[in-house]
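Dear colleague,

I am passing on the structure below, together with some notes on what was found in it. Please read the notes with the model open beside you.

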Amino acid sequence: MELITELMDQAQIERSLTRIAHEIIERDSSSPNVCLVGIKRRGIPLAHKLAENIKKYTSVELPVGEVDISLYRDDLTELSEAPKTTNIILPDNIQDYVVILVDDVIYTGRTIRAAIDAVFSHGRPKAIQLAVLIDRGHRELPIRPDFVGKNVPTSRDELIDVSIDGIDDETVVKLYKL
């Protein structure tokens, strides 16, 4: 892989997450039950950062859940013959909530479809919305994010790599040529 460019540094990522938090506040302030659900791996720390930002501006503490979509992927036979079941952490009465799925990059939409399946396996929420740090296009399913940090048109032979401190050594978004 060849590095093309750094798309976002830590300060730009933080500004995008602050803006997304304000958009969530504006859109969902009339709903008392909103929860953020991070998609494993990098969606989880992004969901926690959004929750921190929302609390900073509204004093409202949103619950943050987690979903690991490995069991729900449509390409499971390629991943493993016996997929490992993992826990999904959601509020108890999910039907009372607007669930905002949080992920780092949306590409084909298959990860989001799998996350929606995982949420529905635990109940039917009032609504499901989607917040992503990067939208790179190339959707294969009719899925569109409600909240986007940055739109980055890419070709299919490019890769967007999101690094988040705590999982990775730095917080940065880079574009690579495959």
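In helix α4, which spans residues 110-120, the buried residues (under 20% relative accessible area with a 1.4 Å probe, protein chains only) are I112, A114, A115, A118 and V119. Viewed down the axis of α4, these residues fall within an arc of 160°, taken from the directions from the helix axis to the C-beta atoms, so they line one face of the helix. They pack against β2 (34-39), β3 (64-67), β4 (98-106) and β5 (127-135), where helices are DSSP runs of H or I with at least four residues and strands are runs of E with at least two, numbered from the N terminus.

This is a predicted model, in which local features need pLDDT of at least 70 and side-chain atom pairs count only at pLDDT 80 or more, whereas totals for chains, interfaces and linings use all residues. Residues are numbered from 1 along each chain as its sequence is written, and side-chain values use heavy atoms, with hydrogens and water left out.

As for the whole protein, its 4 helices and 8 strands follow the order β-α-β-α-β-α-β-α-β-β-β-β from the N terminus on. Of its 178 residues, 46% count as buried, and among contacts (heavy atoms within 4.5 Å) between residues at least 6 apart in sequence, 68% join residues at least 24 apart. The C-alpha atoms fill a box of roughly 45 × 40 × 30 Å along the principal axes.

With kind regards

Notes: Buried < 20%, exposed > 50% of the residue type's maximum accessible area, 1.4 Å probe, protein only.
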